[in-house]
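Subject: Structure for you to look at

Hello,

Here is the structure I said I would pass on. Please have it open while you read, as the notes below go through it residue by residue.

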Amino acid sequence: MSAPVIIIGAGGHAKVVVDALRRSGRDILGLVDNDPEKVGATVLGVPVIGGDDAIEKHTPADVNLAIGLGLVRQRQALFSAFKESGYAFAKVIHPAAVVADNARIGEGAQIMAGAIIQPDAIIGDNVIINTRASVDHDCVIGDHVHIAPGATLAGGVWIGEGSMIGVGATLLENVRIGDNCIIAGGATVIGDVPANITVAGVPAKPMTSKEQDA
Ligand code: JB3
């Protein structure tokens, strides 16, 4: 029997995590949220049991965790902190996702409804492949990456740790995206993107700092 799950965060992404866990037969012990006003409320019928300190009332052997937050930097920090304290993170795979038998799915990765992961893809720890995104054969997705709804990755795409691929973005075959990049929603990426860069448009080009502040 798998341990019950505590979900960190009780906002929009947490709802999707609750639904996917439930449909895949996992027990959910509760959610935790930093906002004291949310404590005592419910998300799809699951109670918010406290702030992050409520997790430590349960030993790492008794519970698994799932991150119910979308922001990459927050997810990265929470994953590292709770791993250091010995907690394990549940894989969240919605039963309506299609995942090839030999795809490798990391700890705490979340594969949402309608997502498709093709053969020989490697999905790192704490990654979100969000609603209806597709990750084709031989893609390598680094830890903590978020691939937003409807994004399309052709074969052999490589994405470095901590990058964010926006809603509906398209990445052509074999492109390499460095660590901590942002690919804006709707962008079409036709060549490699170095680390720590934001690109947007069709074809995608680096945004100036003025454009990023706008
Ligand atoms: O685009 C889609 C399909 N989903 C988006 C998702 C990926 O990211 C969604 O539309 C939102 O843009 C975003 O969802 P998220 O991260 O759930 O954001 P929000 O709805 O604002 O809820 C965040 C909740 O987490 C709030 O209730 C915060 O108080 C709480 N929170 C923030 N930091 C935290 C922490 N809770 C805990 N326990 N610990 C934290 O460090």
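Asn-180 sits in the loop between β20 (176–177) and β21 (182–183). Please keep in mind that this is a predicted model. Most residues other than glycine have a negative phi, and most peptide bonds are trans. Asn-180 is not a glycine, yet its phi is positive, at about 55°. With a relative accessible area of 31%, Asn-180 is partly exposed.

Arg-132 also goes on the list of backbone points to check, with a positive phi near 60° in a residue other than glycine. You will find Arg-132 in the loop between β12 (128–129) and β13 (134–135). Its relative accessible area is 60%, so Arg-132 counts as exposed.

The next backbone item concerns a peptide bond. Val-202 and Pro-203 are joined by a cis peptide bond, with omega at about -10°. Pro-203 belongs to the loop between β23 (198–200) and β24 (205–206).

Now to the domains. The domain assignment splits the protein chain into domain 1 (5–90) and domain 2 (93–204). Between the C-alpha centres of domain 1 and domain 2 there are 23 Å. To their contact, domain 1 brings 21 residues and domain 2 brings 19 residues.

How much area is buried between domain 1 and domain 2? The figure is about 1500 Å², and carbon and sulfur atoms give 54% of that area. On the side of domain 1, Val-72, Arg-75 and Phe-79 supply 34% of the area buried against domain 2, which is more than any other three residues supply.

The polar side of this interface can be counted too. Seven residue pairs are in polar contact between domain 1 and domain 2, with both residues of each pair at pLDDT 80 or more. Three elements give two or more residues to the side of domain 1 that touches domain 2: α1 (12–23), β5 (64–67) and α2 (72–84). By type, the residues on that side of domain 1 are 12 nonpolar, four polar and five charged.

Next come the salt bridges. Side chains of opposite charge can pair when their charged atoms come close. How many salt bridges does the rule count? The count comes to two, and one salt bridge is found across the interface of domain 1 and domain 2.

One salt bridge joins the side chains of Asp-19 and Arg-23, with 3.0 Å from N to O. Asp-19 and Arg-23 are four residues apart in helix α1, so about one helical turn separates them. Asp-19 is partly exposed at 27% relative accessibility, whereas Arg-23 is exposed at 54%.

Another salt bridge is formed by Lys-83 and Glu-107, whose closest N and O atoms are 2.9 Å apart. This pair links distant parts of the chain, 24 residues apart: Lys-83 is in helix α2, and Glu-107 is in the loop between β8 (104–105) and β9 (110–111). Lys-83 is partly exposed, with a relative accessible area of 34%. Glu-107 is partly exposed as well, at 22% relative accessibility.

Two more residues are worth finding on your screen. Is His-144 buried or exposed? His-144 has a relative accessible area of 9%; the cut-off for buried is under 20%, so His-144 is buried. His-144 lies in the loop between β14 (140–141) and β15 (146–147). The side chains of His-144 and Asn-126 are joined by a polar contact of 2.9 Å. Leaving aside neighbours within four places in sequence, the residues in contact with His-144 include Val-72, Gln-76, Phe-79, Asp-125 and Glu-161. Val-72 and Phe-79 were also named above, among the three residues that supply 34% of the area domain 1 buries against domain 2.

Glu-56 is placed in the loop between β4 (46–50) and β5. Its relative accessible area is 51%, and the cut-off for exposed is over 50%, so Glu-56 is exposed. Not counting residues up to four places away in sequence, Glu-56 touches Phe-82 and Tyr-87. From Glu-56 to His-13 there are 43 residues in sequence and 22 Å in space, C-alpha to C-alpha.

Regards

Key:
Residues are numbered from 1 along each chain as its sequence is written. This is a predicted model: local features need pLDDT of at least 70, side-chain atom pairs count only at pLDDT 80 or more; totals for chains, interfaces and linings use all residues. Side-chain values use heavy atoms; hydrogens and water are left out. Domain bounds come from an automatic or database domain assignment. Contact means heavy atoms within 4.5 Å. Buried area is the accessible area (1.4 Å probe) that two parts lose on being put together, summed over both. A salt bridge is a side-chain nitrogen of Lys or Arg within 4 Å of a carboxyl oxygen of Asp or Glu. A polar contact is a pair of N or O atoms within 3.5 Å; within protein, one must be able to donate a hydrogen and the other to accept it, and residues adjacent in sequence count only if both atoms are side-chain atoms. Ala, Val, Leu, Ile, Met, Phe, Trp, Tyr, Cys and Pro count as nonpolar, Asp, Glu, Lys and Arg as charged, and the others, Gly among them, as polar. Buried means under 20% relative accessible area, exposed over 50%, partly exposed in between (1.4 Å probe, protein chains only).
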